[in-house]
Amino acid sequence: MVKMNKSKIKYRLVGILVSVLILLTGCSDTDVDPLVDAKDLSYSGVERTTVDVKRGSIIPVFETNIDLSGYNEVIYRIDATRMDEITEQFGAELGELHVNIGDHVKSGDLLISFKSKDLQDKLNDGEKRKKEAQLQIEHYRKLMAIDSSMDFSTEINSLNNDIRVADLHIEEVRNTYQSLNIVAEADGVVSFIDPAVKDGYLLIGAPLIKAISFDDYYIMSGAGGDNQNTKYDKSLMVSADEIDFKVGNVYSAKSALSEYKVEVISDPNKEEEATVGDAVSSDTVYFRLVDFDGMVPEKTLNLHVEMDEIKDTCYVEMNAIIKYNDERFVYREQEDGSFCPVKVVLGNSVGQYVVIKEGLSEGDKVSIPF
């Protein structure tokens, strides 16, 4: 026995249903493939939501995401184990915040320092012993200068040894002190500071400071990439292939909260810089923010490119379009209120609309699928 694939059975059933539909609704004169998605079958007497086919001038838009090159974020936090060690072993507590949002930091720069009475007492003790030894040496040398018969060389050598010991003690305490602090692990720009830190508190495990590093340009990879608006049929979207990107062109770009201007630049990885007006020949397009205020840039922006205006054209809401076997259909309302499937030829999408090249006329009413 030969078993049929479920999808083949579905297509045959759909074909039978559509054939019956055409006979029942009197649509046998329409240019339509007999296989149409079964969920959109309609017949006289069933109320459906309709939209009008319109005529006018519209502007196609290309939208896609561009990403900040070289983006890397470092998050500084302190866990409970480390905090217990700091407080219990060294009696330390939060000391001072040394950076602000927007500050550029280098690897090793101090971000947050701690203070410890125990360590400070040890540091003060070491520095005191060193100073006392230095003063004592100075005193012996003055005595020897007054009376050359006096010899305090043994005492001076002993005191110099005390100074060396004190220096080792001071260095050890300072290194320990330094190990408590939070320092920058890499070059970057401070993008976030926990408000609690500014108020003198540490939230264990939470991000205390964030710093990011990045190149000063954005990248759109693959000039033939899909439009990012995936709500509708992606094959109808304007593609980057249709845009003549040139060095110096300026476009709009948005984040969730802000709007920017970005300029097409030559490939920053090449020594020879392209001149304004040169066409971008590769699949990768580079952009730089225009009039950037120096604050931390957004990781991703949505590029917005308006195409040439299409004048005096028919268009309809894109959600009225049914795609089947690489062809497109709509259900057009007839005079008697019934709906017939009609094959259409489409142009590019324009927001929620799509250009109709063939199959519909201004004023036609088409249904919105269930």
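Which strand does strand 4 pair with, and in what sense? That's where I'd like to start today. Strand 4, residues 72-76, pairs with strand 10, residues 209-213, and the pairing is antiparallel, over five bridges. Before we go further, please keep in mind that this is a predicted model.

Okay, a quick overview of the protein. We're looking at 370 residues, and 36% of them are buried. The secondary structure comes to five helices and 21 strands. The exposed surface is about 21900 Å², with carbon and sulfur atoms supplying 47% of that. And here's one about the fold: take the contacts between residues at least 6 apart in sequence, and 72% of those join residues at least 24 apart.

Now back to our strands. If you zoom in on strands 4 and 10, you can pick out individual partners. Val 74 has Ala 211 in strand 10 as its bridge partner. Asn 72, in turn, is matched with Ser 213 in strand 10. As a general reminder, strands of a sheet pair through backbone hydrogen bonds, and that can be parallel or antiparallel.

So what else does strand 10 pair with? Strand 9, residues 188-193, is joined to strand 10 by four bridges, and those two run antiparallel as well. If you want a spot to click on, Phe 192 stands opposite Lys 210 in strand 10.

Let's put that together. What you get is an open sheet of four strands, in the order 4-10-9-6, with antiparallel pairing. At the edges are strand 4 and strand 6, the latter being residues 104-105, and each of them pairs on one side only.

Last stop is a loop residue, Ala 186. You'll find Ala 186 in the loop between strand 8, which is 182-183, and strand 9. Is Ala 186 buried, partly exposed or exposed? Its relative accessibility is 29%, so Ala 186 counts as partly exposed; the buried class would need under 20%, and the exposed class over 50%.

And which residues does Ala 186 touch, if we skip its neighbours within four places in sequence? Ala 186 is in contact with Tyr 76, Val 105, Lys 106 and Ser 107. There's also a distance to note here: Ala 186 and Ile 212 are 26 residues apart in sequence, with their C-alpha atoms 9.0 Å apart in space.

That's my tour, thanks for listening.

Notes. Residues numbered from 1 in each chain as written. Predicted model: local features only at pLDDT ≥ 70, side-chain atom pairs only at ≥ 80, totals over all residues. Heavy atoms only, no water. Buried < 20%, exposed > 50% of the residue type's maximum accessible area, 1.4 Å probe, protein only. Contact = heavy atoms within 4.5 Å. Areas by Shrake-Rupley, 256 points an atom, 1.4 Å probe, with all protein chains shown as cover. Pairing = 2+ DSSP bridges.
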